[in-house]
Amino acid sequence: MVLTVSHTTTYLYREPVSICHTAVHLNPRGSLHQRVISHRLEVSPEPVFSVTRNDYFGNEITVFSIHEPHQTLTISSKSVVELQPEEPPPAGLTPAWEAVRDEVGQQAGEESYQASEFVFRSPFVKLGPDFAAYAAPSFPPGRSVLAASLDLCHRIFSEFRYDPRATTISTPVDEVLKDRGGVCQDFAHLMIACLRSLGLPARYVSGYLRSGENTVGAEASHAWCSVFCPGFGWLDFDPTNDVMPQSDHVTIAIGRDYSDVSPVKGVAIGGGEQIVNVAVEVLPPRPAR
Amino acid sequence: MSQPATDSGPHLNTAWKYNPPGGFHDEMLTAAGGVRASWQPMVELLNGLGPDGLAKRWQEGRRLIHNNGVTYNVYGDPKSLERPWPLDPIPFVLADSEWASIETAIAQRATLLNAMLADMYGPRRLLRERRIPAELVFGHPGFLRPCCGIEPPGGIWLHNYSADIARAPDGRWWVLADRTQAPSGAGYALENRLVSQRVLPDLFRSTNVRRLAAFFQKWKETLRSLAPKRENPRIVVLTPGPYNETYFEHAFLARYLGYTLVEGGDLTVRENHVFLKTLGGLLPVDVIVRRQDDSYCDPLELRGDSMLGVAGLVQAVWSGNVAVANALGTGLLESAAQSAFLPVLCKHMLGEELRMPNIASWWCGDAAARSYVKEHIAGLVIKPASPAFDANPVFGAKLSAAERKALIARIESNPAAYVAQEQVSLSTVPVAQDHALRSRHLVLRVFAVASGDSWAVMPGGLTRITSSLDSLVVSMQHGGGSKDTWVRADAPAAPFSLLRRSQGPLPVSRATFDLPSRVADNLFWLGRYVERFDAVVRISRVVLPRLYQEADPAHAAVLAVGRRVLDAEGYLRGGEEQAPARAALTEVEVVTLIAEQLAGSVSEIRRVASLLRDRISADAWRVLKQLEQQFTDSPPPEALRVSWAQDLLDRAVTSLAAFSGLATENMTRGHGWRFLDMGRRLERALQTVHLVRHGLGLTPLANDAELQAALEIGDSLLTYRSRYLSSLQPDLVLDLLLLDEGNPRSVVYQLARLSRHVDQLPESHPVSGRPREARLALSMLTSLQLADAVELAAPGESNRLNALDDLTVRLADDLGLLSELLTRLYFTHAVASRQLLPR
């Protein structure tokens, strides 16, 4: 499946901004399941300086600065990717969740050493008994890690309401748990907090979702999470839509949480009040004429 | 090893009443009561001086500390942004032989920690091979992932390392804690030395105390070497600002080392290079001596909520265009949890035994360690595993059974966040108190700087002492004290010393063009505030006596003039809401003015001055503190108010004159001084314009009493008398206050100075001809030079002084505009930077 993503972020400032330093995670990440056919980043006004490097987690990060006074900043990213989805393994083949916890706890090999990075607290993901308690019904002893995670994903989907007004980017994850509402980031953070509180490695995935009749979150950038499963790698779960992402999810970047991979962050000198607009479109390419 | 005792040496005179408690190693006396060899000359001196003699000598020490403004900020104590630095007169003495082993051990430890940093920010083999638990790196908030892969110049992460070490009862030294983030204290150690060698000069020389200068020289060499491509690299000291607990030290070190002290807002990143924003434009920065936590250094790639950072710094470091010392990321090792693993890592990485043992530590994240901790909690100190887990050390011995249980439960709920350490019986040392010597516990902070492939360790260090013998915590935040540390060499030190040179004027950083815009801004406003305060004090001094004299139309006129000027400037509160235009000031208004408004102004002046600690001389600073003290004392009972207020105002005028004199006296006639003086001139001109416009008013001036009041407030009465020897004439009064170029209080005089200053500012815009601010200053000056006093004093239509009205309105507007123009041109940093809304 080939998908074309267009993602435009526009900042409008009341006063002129003299200098702006920006770091973006907008280049899609290549993997076994996702081939990046093309990617183009356009910024207006033209940056005087721009560099792209790999960040700590292997995502591409582009850092640029603008030195001319401006009141509008437009960052437009266009990508074409080909998704090569793979069926998730049968749940019964995946190890019991306690086995995953123990293997990663002991860092038995290179793979589980790498995964151990994702079991600790991180800036947006606190850990604690409350999260473990919420997760507990999905994780009875001996249940396979896939079946248990799928159940947790389903419970978050059905027990939490999708409500863009309930939270902001800085709403802590324990409040999300208490208030039972939020958006995709909150649900991803919540599921990660639950998994990590049980000792399971969980990553945050930032990306896009193809619009469909029954999907939520396609009008902006999307987020979900993934769980480490020895022998099978990382398995993705989207608690906002109660699915395991296959052919509708485009991955941009992977990190511990939102703070590692936020699509656009920046510091502007001047500017006063600001308004930001985000437009995302994910489409199959038009048939050739 | 500690030095042998001797029985043949002197004994401490009983007048000192020194009785160290048993169970600890005493640094001066052996268990048998004999004096240790290295302390013998000190004991002889103490015997000779006696308690009174020492107290007398110490007066000099206290004076030095006070005059040098050596301070330490205590968090959460609004009254003492600066607390005087607590120093004990008696240095802590160590023999060179003993010092040598400390020195080697510290150098070894610094080498080890630097190697660990190189691994953790590089291949992370220690983690892969499970030599250190993943959690201590991956779970540590100080592990700065954006800095992984950066290779700092020379492979040095840790340019500056310090350790807290202490001596156990068996005489051996142990490491209590490592400081790798931005170790503080080296500057205080140097300050202590400057004091102790002045107080005990004879002993200092005769016992061959090792000098500190070479250490700082090595430090400078290392910093220079970080920018090998530049012949004369620009090095700056980055401070979080005046509210940091050790701000004094940042300013002191910057001055001593000859670098510019900057805050994050003074720096900017352009095209991947770091620049210092100065009046002369952007100047490239090659090396940043970092005195703030690394995670706050770049709001773009590190903590986004940081107000202290430089956006884009990480990318500039990546590109190799700037070096940061210590490197970004070194805070990772400032963790009590890691020390438990150092003995094994030392063997593994350096192939050596760790020379100085850690105090025994158990990281509770490890199950075996945790069960030990639970069992032995009564004898342990529980600490947070990393600085981000906010908590003070808890002493198991001091807890009740229930409290211990609660603590264990807290550990169980998040074991990885806790470390337990053995409770050490710190050694004791004599301190002078109440004409006797008392025992206090000590911890020695030692300092090392990277020097090529090796380390230079400061011969000495900062000795810190507990506030009481029962206290187990050595902390300046909790009322502890400090001592100088004397390492005694066997032979006299080489005569060369940086210190001697530094006793003269400290080396000024390169050129006055280095003046950061922020500093220029603060100086300008300091000038304005001081002058504004001065004006209000003068008005109060003129009106106050009139309040209590018998009813006399002349007095009433003075009070009315004063009222109108103060009212026009918004100073009056607490009086009649809407007094008639010719109303006189009331007592309530004047006392409120003095007790509240003026006290507020003094605090404002002090606040701005505190932002300029590295630019204002210690004497000027002291005068300012006294002035503030006078105003913060609460007013006496009603009956004494007037004489109290009069006295306060008299002293304020003197103090202010002293402050202005000292502040400008010690400032080179560069741009710094220029901005201070511009602020003063601009404000004085504005005040006088207000005095004329509102005090005298715009109706024909006939009232002698009012004219006299205006002259008095304008500090020009004497000049008038000496010049005209006549009765008061409106046009002559206006001439003197506004147009007389020979009167240093006149508006035209201020404008002449202002115009000259503005002409000499570094032009920061490419317009040809005179820049706008210079034209503005010149046009004000000319309008006064061309004005005619007789015309100004002549009533026009509807019996109003229209010419005076026009002139004063225009002057007030233009002066405001000039201030704004200067702000826009030179202080642009004041524009706040903000985060883009995250998306």
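Among contacts in chain B between residues at least 6 apart in sequence, 72% join residues at least 24 apart. I should state at once that this is a predicted model. Chain B has 839 residues, of which 49% are buried, and its secondary structure comprises 27 helices and 23 strands.

Let me turn to the domains. The assignment for chain B lists domain 1, made of 64-359 and 424-502, then domain 2 at 360-423, and domain 3 at 515-830. Between the centres of domain 1 and domain 3 of chain B, taken over C-alpha atoms, there are 46 Å. These two domains do touch: 21 residues of domain 1 of chain B are in contact with 17 residues of domain 3 of chain B. On the domain 1 side, at least two residues each are supplied by α1 (40-68), α8 (247-257), β7 (260-262) and β9 (273-278) of chain B. The largest share of that side, 4 residues, belongs to α8(B). By character, the domain 1 side that touches domain 3 of chain B holds 9 nonpolar, 8 polar and 4 charged residues.

The helix α8(B) also takes us to a sheet, since α8(B) lies across β6 and β7 of chain B and runs at about 150 degrees to β7(B). The sheet itself is open, with 4 strands of chain B in the order β7-β6-β11-β12 and parallel pairing. At its edges stand β7 and β12 (323-325) of chain B; each has a single partner strand, so one side of each lacks a neighbour in the sheet. On average, neighbouring strands of this sheet are turned by 30 degrees against each other, direction ignored. To take one pairing in detail, β11 of chain B, residues 287-290, joins β12(B) in the parallel sense over 3 bridges. Within that pairing, V287(B) has A323(B) as its bridge partner in β12(B).

V287(B) leads us to a residue in a loop. P233(B) sits in the loop between α7 (213-225) and β6 (235-238) of chain B. Leaving aside neighbours within four places in sequence, P233(B) is in contact with R224(B), A227(B), D286(B) and V287(B). Is P233(B) buried or partly exposed? P233(B) has 17 C-beta neighbours inside 10 Å, and therefore counts as partly exposed; the threshold for a buried residue is 20 or more.

In domain 3 I would draw attention to the helix α15 of chain B, residues 517-547. At 1.5 Å a residue, its 31 residues should span 45 Å, and the end C-alpha atoms are 45 Å apart, which agrees. Of the 31 residues of α15(B), 27 are buried, so this helix is largely enclosed by the rest of the structure.

I close with the interface between the chains. Here 32 residues of chain A are in contact with 30 residues of chain B. On the chain A side, β1 (2-24), β3 (49-54), β4 (60-66), α2 (110-116), β12 (264-270) and β13 (274-283) each contribute at least two residues. Which of these elements gives the most to the side of chain A that touches chain B? That element is β12(A), with 7 residues. The side of chain A that touches chain B divides into 18 nonpolar, 11 polar and 3 charged residues. Moreover, β12(A) is joined by 3 bridges to strand β23 of chain B, residues 833-835, and the two run antiparallel. In this pairing, I269(A) stands opposite S833(B).

Definitions and conventions:
Residues are numbered from 1 along each chain as its sequence is written. Chains are lettered from A and ligands numbered from 1 in the order in which they are written. This is a predicted model: local features need pLDDT of at least 70, side-chain atom pairs count only at pLDDT 80 or more; totals for chains, interfaces and linings use all residues. Domain bounds come from an automatic or database domain assignment. Two residues are in contact if their C-beta atoms, placed from the backbone, lie within 7 Å. Ala, Val, Leu, Ile, Met, Phe, Trp, Tyr, Cys and Pro count as nonpolar, Asp, Glu, Lys and Arg as charged, and the others, Gly among them, as polar. Two strands pair if DSSP finds at least two bridges between them. A residue is buried if 20 or more other C-beta atoms lie within 10 Å of its own, exposed if 12 or fewer, and partly exposed in between; C-beta atoms are placed from the backbone. The expected span of a helix is 1.5 Å times one less than its number of residues. Axes are lines fitted to C-alpha atoms, for helices over the stretch in contact, and angles run from 0 to 180 degrees between N-to-C directions.
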